[in-house]
Amino acid sequence: MHRYLLLLPLIGALACNPFDRQAAEESITEIISGQTDKLNATEISLDLAMPASDSVIVDSNWVLTRLTLNTTFESETLAVSFNEEFKNDTFVTIGDSARVSVIRKFKGTLDSEFMGREDGMEYMNSRNFSSRRIQYVQFADNGEWEMVAYSIAEERSDTNTTRIFSLKIKGDGEEGGLDTTIYSSAALAAIDSFPAIAPGAALLLELRTVADTSKLICFALANELVKFAPKEGEDERWEAEVTAGEETLLIGIIRKDGLADWNYPADVDIWIIPVAK
């Protein structure tokens, strides 16, 4: 009898503080579906036209004069992992925080227009590609579930040779100045650490990539679409100036070696940066 009485407080505590995993997952999923400003699932369309004086040399025969990218959203997968604590031979779920991975699959087309370097002959290449964007989100249970941190949404296409390393943003923010560096999208960052940018603000961008500038085309899409220029004396650093728009800031790189090669798959890396306004 005494043994049963000792168990009653424990049973009562569990009954008063149950962790409802299904309810927690439903709450987090609902928040994810409503956070389109931070977890951007929209399709991407861009058209980068380059005048002859600024055309990109692709190889010994061709220069790139226009690049068009379109993606279409196909599906989404969510995985929610709650804190777990190992006790003896079992895992006990602790309902105070959760890590969520959001995987979105896309299909798209990458269209390129070229001009012959010697004869001015025009050439077009269109290819289909599949890609996926993966993003991580951290949630905390402070009476109710809320998003406390997230990563940048990056898009990886058919190959993995192209990758953005970091982006430095300078400009006029809501706090009277902006000087922020965002690193690889694999790392989580607190929501309040993302840059606060007012629409219309002039931004100076410095991009670091894994491949050197001779292999890539880098662009930024804000209020307008601009092309990054290599930073003098820095093989893996790029610079650009943009004006912030109403939408998220989009940073992308495309490997240019294979643009004119029908057998080379599309190689794209895009960061969707949900700037806090």
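In these legends, Ala, Val, Leu, Ile, Met, Phe, Trp, Tyr, Cys and Pro count as nonpolar, Asp, Glu, Lys and Arg as charged, and the others, Gly among them, as polar.

**View 1. The largest pocket of this predicted model.** With that split in hand, the lining of the largest pocket comes out as five nonpolar, five polar and three charged residues. The space inside is about 260 Å³. There are 13 residues in the lining, and the ones nearest the pocket centre are Thr42, Glu43, Leu221, Glu247 and Thr248.

**View 2. The second largest pocket, at about 150 Å³.** Here 14 residues make up the lining, with Thr181, Ile182, Tyr183, Ala189 and Phe194 nearest the centre. Strand E9, residues 178–183, is the biggest giver, supplying four residues. What does the lining look like by class? For this second largest pocket, expect eight nonpolar and six polar residues, and no charged ones.

**View 3. The largest cavity, holding about 60 Å³.** The model has two cavities of 30 Å³ or more, and this view zooms in on the largest. Its lining is Ile197, Leu203, Ala222, Ala244, Gly245, Glu247, Thr248, Leu249 and Val275. Sorted by class, that gives six nonpolar, two polar and one charged. Glu247 and Thr248 may ring a bell: they line this cavity and also sit among the residues nearest the centre of the largest pocket.

**View 4. The second largest cavity, with a volume of about 40 Å³.** Around the space you'll find Leu110, Arg127, Ile254, Arg255, Gly258, Leu259, Tyr264, Pro265, Ala266 and Asp267. The class tally for the second largest cavity is six nonpolar, one polar and three charged residues.

**View 5. Leu167 in the largest nonpolar core.** This core has 42 residues, and Leu167, Leu205, Phe228 and Ile251 touch the most other members. Setting aside residues up to four places away in sequence, Leu167 touches Thr180, Thr181, Ile182, Leu205, Glu206, Leu207, Phe228, Leu249, Ile251, Trp271 and Ile273. A second, separate core has 24 residues, including Val56, Leu64, Phe129 and Ile254. That last residue, Ile254, also turns up in the lining of the second largest cavity.

**View 6. Leu250 on strand E16.** The strand covers residues 249–255. Is Leu250 buried or exposed? Leu250 counts as buried because its relative accessibility is 7%, and the cut-off for buried is under 20%. Skipping neighbours within four places in sequence, Leu250 is in contact with Ile44, Leu46, Phe219, Ala220, Leu221, Ile270, Trp271 and Ile272. Ser131 is 119 residues from Leu250 in sequence, and the two C-alpha atoms are 16 Å apart in space.

**View 7. Gly143 in the loop between strands E5 and E6.** Strand E5 spans 122–141 and strand E6 spans 145–150, with Gly143 in the loop between them. Gly143 has a relative accessible area of 76%, over the 50% cut-off, so this residue is exposed. Ala24 is 119 residues from Gly143 along the chain, with 11 Å between their C-alpha atoms.

**View 8. Residues 1–16, where pLDDT stays under 50.** The model gives this stretch zero contacts beyond four places in sequence. Where pLDDT is low, the predicted coordinates should not be read in detail. As for the protein chain, its mean pLDDT is 85, and 92% of its residues reach 70 or more.

Definitions and conventions
Residues numbered from 1 in each chain as written. Predicted model: local features only at pLDDT ≥ 70, side-chain atom pairs only at ≥ 80, totals over all residues. Heavy atoms only, no water. 1 Å grid on protein atoms, 1.4 Å probe; cavity = no way out; pocket = protein on both sides within 12 Å on 5 of 7 lines; lining within 4 Å. Points joined across faces, edges and corners; volume = space filled by probe spheres on them. Helix = DSSP H or I, 4+ residues; strand = E, 2+ residues; numbered from the N terminus. Core = buried A, V, L, I, M, F, W, Y, C linked by side-chain atoms within 4.5 Å. Buried < 20%, exposed > 50% of the residue type's maximum accessible area, 1.4 Å probe, protein only. Contact = heavy atoms within 4.5 Å. pLDDT = per-residue confidence, 0-100.
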